Amino acid sequence: MTQMTDREVAGPYTAISEEERRTFEDQGCLLIPRALDEPRRARMEEAVDRVYDAERRAGRLGPNGEIHALGGVLRDETFLELLDLPATFRHLWGHLGWNIYVNHSHVDVNPPVLDPPAPGWLWHQDGKRQNADLDMDPRPMLSIKVAYVLSDLSEEGRGGTLVLPGAHLSNTLDRTEPGPGGVHPPPPGTVELRANPGDAFIFDRRLWHSRSLNHSTVTRKMIFLCYTYRWIRWYDDVAIDRHSDWWRGLSPLRRQLLGDGDGTATYFGISRELGGVWDDEIPLRAELKARGLLDRSRQFLR
Ligand SMILES: O=C(O)CCC(=O)C(=O)O
Ligand SMILES: [Fe+2]
């Protein structure tokens, strides 16, 4: 997995470097070491443990005690810090622009697998019908997922995500022939994502990837946030009370990133009242504009 150069990041509005941009564009993924400092990582882990306990009490654990809780970022107040986290957020607007929100997120806890499921072919690109309805080659990126690693994934066999760096520009992936027991060997070029607690990685929706089984003794704990365009619908079934004090207490940027918008045209980036120009009141656009970070040479940052 390509590791970005370790550099001090002043804030969420530090533009990504050309090297960071090129690496992500070439590989379709990027490791961001130490995205969470230890106190924050520990608080995130505690929050994941709370979500896990709630799922257990509700009888929603999987066969190996795992959870895959959708609407993850709304499952605990602590996770809201991830929406615009300096170390990662600069990559999101840097590659997608300002008209974005988080339409899908999940909290995953994967204890050691004692009862392996039937083997199957789990390689995929994200986006479901986005991979069928768009008849073009390559298809557009449309979304980027950020994955925060809260447990120790520094060794193989701990359920690290399998990826094929560079394969995001391929619309198809050949299945490998199943071997003994029906297990498909990983496609050539597969890398198992290894990371330390507190690291994050980002990946292009089109990157071919697969879950893997946790054969270790270490429970895997992760949280994933998918950033996409505001004109793309929610994937998770979440209910937000937009009249609550809680909602009003969030920053305008965080509200945008949780899907806020006044009227329908705003999701397409424009202000109808002002005759269809780009809407300078969209919080992320306003923040970037105030800092001189809009860039006419990149369509998505115009
Ligand atoms: O759990 C994983 O390692 C990968 C899950 C996945 O496919 C995804 O988040 O898009
Ligand atoms: Fe996926």
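Leaving aside neighbours within four places in sequence, with which residues is Gly127 in contact? In this predicted model, the contacts of Gly127 beyond that range are Leu142, Ser143 and Arg205. Gly127 itself lies in the loop between β3 and α4 (130-133). The residue counts as buried, because 22 C-beta neighbours fall inside 10 Å, where 20 or more are required. Gly127 and Leu142 are 15 residues apart along the chain, and their C-alpha atoms are separated by 8.6 Å.

Ser143, one of the contacts of Gly127, also takes part in strand pairing: Ser143 stands opposite Thr228 in β9. The strands concerned are β4 (residues 143-149) and β9, which run antiparallel and are joined by 7 bridges. Strand β9 is in addition paired with strand β3 (residues 100-110), again in the antiparallel sense, over 10 bridges. Within that pairing, Val107 has Ile223 of β9 as its bridge partner. Strand β9 covers residues 220-229, and 9 of its 10 residues are buried, so the strand is largely enclosed by the rest of the structure.

These pairings belong to an open sheet of 6 strands with antiparallel pairing, in the order β1-β7-β4-β9-β3-β2. The edges are formed by β1 (29-32) and β2 (67-70), each of which pairs on one side only. On average, and with direction ignored, neighbouring strands of the sheet are turned by 20° against each other. At the β1 edge, the partner is strand β7 (residues 200-204), which pairs with β1 in the antiparallel sense over 4 bridges. Leu30 stands opposite Ile202 of β7.

A further open sheet has 3 strands in the order β6-β5-β8, with antiparallel pairing. Its edge strands are β6 (191-192) and β8 (209-210); each has a single partner strand, so one side of each is left without a neighbour in the sheet. Strand β5 (residues 162-163) and β8 run antiparallel and are joined by 2 bridges. In this pairing, Leu162 is placed opposite Ser210 of β8.

The surroundings of ligand 1 were examined next. The residues around ligand 1 are Asp108, Asp126, Lys145, Thr161, His209, Arg211 and Phe224. By class, this shell has 4 charged residues, 2 polar residues and 1 nonpolar residue. Several shell positions can be placed on the strands described above. Asp108 falls in β3 (residues 100-110), and Lys145 falls in β4 (residues 143-149). Phe224 belongs to β9 (residues 220-229), while His209 belongs to β8 (209-210) of the 3-stranded sheet.

At the level of the whole protein, the secondary structure comes to 7 helices and 11 strands. Along the principal axes, the C-alpha atoms fill a box of roughly 65 × 45 × 40 Å. The radius of gyration is 19 Å, which agrees with the value near 19 Å that a compact globule of 302 residues would have. Buried residues make up 34% of the 302 residues. Of the contacts with a separation of 6 or more, 82% are between residues 24 or more positions apart.

Technical notes:
Residues are numbered from 1 along each chain as its sequence is written. Chains are lettered from A and ligands numbered from 1 in the order in which they are written. This is a predicted model: local features need pLDDT of at least 70, side-chain atom pairs count only at pLDDT 80 or more; totals for chains, interfaces and linings use all residues. A residue is near a molecule or strand if its C-beta atom, placed from the backbone, lies within 6 Å of it. Ala, Val, Leu, Ile, Met, Phe, Trp, Tyr, Cys and Pro count as nonpolar, Asp, Glu, Lys and Arg as charged, and the others, Gly among them, as polar. The radius of gyration is taken over C-alpha atoms; the globule rule is 2.2 Å times the number of residues to the power 0.38. A residue is buried if 20 or more other C-beta atoms lie within 10 Å of its own, exposed if 12 or fewer, and partly exposed in between; C-beta atoms are placed from the backbone. Two residues are in contact if their C-beta atoms, placed from the backbone, lie within 7 Å. Two strands pair if DSSP finds at least two bridges between them. Axes are lines fitted to C-alpha atoms, for helices over the stretch in contact, and angles run from 0 to 180 degrees between N-to-C directions.
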